[in-house]
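Colleague: Got a minute to talk me through this model? I'd like to know what stands behind each label.

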There are 2 protein chains.
Amino acid sequence: MNILIVHAHPEPQSFCSAMKDLAVDTLQQGGHSVQVSDLYAMNWNPVASAADFQQRNNPDYLVYALEQRHAHGQQALAADIAAELEKLLWADLVILNFPLFWCSVPAILKGWIDRVLVSGVCYGGLRFYDRGGLAGKRALLSFTLGGQSHMFADEEAVHGDWEPMLRPLQRGTLAYTGLSVLPPFAACHVPYISQQAREEILEQYSDYLQRLDEVEPLVFPSLANFDRHLHPLRNAQEVPA
Amino acid sequence: MNILIVHAHPEPQSFCSAMKDLAVDTLQQGGHSVQVSDLYAMNWNPVASAADFQQRNNPDYLVYALEQRHAHGQQALAADIAAELEKLLWADLVILNFPLFWCSVPAILKGWIDRVLVSGVCYGGLRFYDRGGLAGKRALLSFTLGGQSHMFADEEAVHGDWEPMLRPLQRGTLAYTGLSVLPPFAACHVPYISQQAREEILEQYSDYLQRLDEVEPLVFPSLANFDRHLHPLRNAQEVPA
């Protein structure tokens, strides 16, 4: 497999960075090819803007997704975006590795999502979910947090269940582009635990990475169950999208 | 009321920017004081990093939230963060106004959240949800999107219900800091609708802004229902956090 790890932590000595390093080692030892986009080290620009297009379809009014499509067709995407998109299209598996900031990715990684998941390539029109442009590839969130797992255990937990809290990322982003989303790996309570507990988490993560082929992806909607206006199909006579 | 609008759209002529302008006019006409943080116009830096602290508690290992606390205590936060934090503390109501990018805020606005919602001021330890540092203030998401409202109508809809899709923002971010979260204003299908339909949305938005005092905030957990380890209290004998 070709594997892209997109890593976003401001401290190279962090546990989150150790997870990234462990993933590189584990996956390379498993015979896979690995590339890492270390966004802080790359000084990645996260701000989607007109500067992302060397040529514009409409220079007077920016509709970002339309300019993405146009620029991709004209090979006029900014060089940093084009380089990341090439890695993404090369990859069979994409791992987003990050500290949970405000129940989501850090801004620098949000900006990788905003700029690299290019309209017309990764999605567009009715090409999303199981018809998304990245269908056939897999993805995985691996993240660290200060909170404990019981705080996200179910809807009665103080922060509710993981699924809704991760929905914009796992469903609204990864699954939307057609990626098969594997269950996330959450390293909980990291700032407060012993060195031994941290080493146990690293072992669990390594084990998980070694058995990815046995792991069932999460389930998301299929467009076969919606009409072309994306209303749910209520009976078998209705025509899917 | 003092009102802060944090606005994040790369196109000043956009409908989303028109919503921001309308909000300024409507709220000022209602007798409120309004400040706008137009993040694109400000060239806001969204990347949380060691450069955010003029003085470090631990210069050898960055734990971002701990350095936030330390730097706030020492008045050593970066000037751009300090200025935004001052606006936030001035405000009785905060409106985040943005185009929905990947079912979330654009990276430039995520970076406002990451950097300005400073630990030790906005939250910390058991100071979150109804005990958060911003308790007593209100907040509101107002956003534009290409999708239609039926696509988020309920859990059977193609993207599921709005509540889980907005959970990291409304619950994991705004409510977490103690803000009372008013129901969001979503301007749907914006790129595809008539000028008249857009004007109707602007009227609805103006109406909504004029009756904010009648609007019930959304309901989020109270820490009174959790013990000090943040397990849900199962019976009346247990001691709240």
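Modeller: Sure, starting with the contact: 55 residues from chain A and 55 residues from chain B take part in it. Before we go on, this is a predicted model, where local features need pLDDT of at least 70 and side-chain atom pairs count only at pLDDT 80 or more, while totals for chains, interfaces and linings use all residues. Residues are numbered from 1 along each chain as its sequence is written, chains are lettered from A and ligands numbered from 1 in the order in which they are written, and side-chain values use heavy atoms, with hydrogens and water left out.

Colleague: What makes a residue part of the contact?

Modeller: Heavy atoms within 4.5 Å.

Colleague: How much area do chain A and chain B bury between them?

Modeller: About 4500 Å², 63% of it on carbon and sulfur atoms. Buried area is the accessible area (1.4 Å probe) that two parts lose on being put together, so the figure is summed over both. On the chain A side, Trp102(A), Val158(A) and Arg167(A) supply 18% of the area buried against chain B, more than any other three residues.

Colleague: Why is the meeting of Arg167(B) and Glu155(A) called a salt bridge?

Modeller: The term asks for a side-chain nitrogen of Lys or Arg within 4 Å of a carboxyl oxygen of Asp or Glu. Their side chains are at 2.8 Å, N to O, so the pair qualifies. The count between chain A and chain B is two salt bridges.

Colleague: Which elements give two or more residues to the side of chain A that touches chain B?

Modeller: α5 (107-116) and α6 (162-174) of chain A, with helices being DSSP runs (H or I, at least four residues) numbered from the N terminus. The largest share, seven residues, comes from α6(A).

Colleague: How do you know that a space is a cavity?

Modeller: On a 1 Å grid over the protein atoms alone, a 1.4 Å probe must fit at a set of points but be unable to get out. The structure holds three cavities of 30 Å³ or more. The largest cavity has a volume of about 130 Å³, and of its 18 lining residues (an atom within 4 Å of a point), the closest to its centre include Cys103(A), Ser104(A) and Ser104(B).

Colleague: What makes the lining of the second largest cavity nonpolar, polar or charged by class?

Modeller: Leu88(A), Val94(A), Leu96(A), Trp112(A), Ile113(A), Leu117(A), Leu174(A) and Leu179(A) line that cavity. Val, Leu, Ile and Trp count as nonpolar, so the tally is eight nonpolar, no polar and no charged residues.

Methods. On a 1 Å grid over the protein atoms alone, a cavity is a set of points where a 1.4 Å probe fits but cannot get out, and a pocket is an open set with protein on both sides within 12 Å along at least five of seven lines; lining residues have an atom within 4 Å of a point. Grid points are joined across faces, edges and corners, and a volume is the space filled by probe spheres set on the points.
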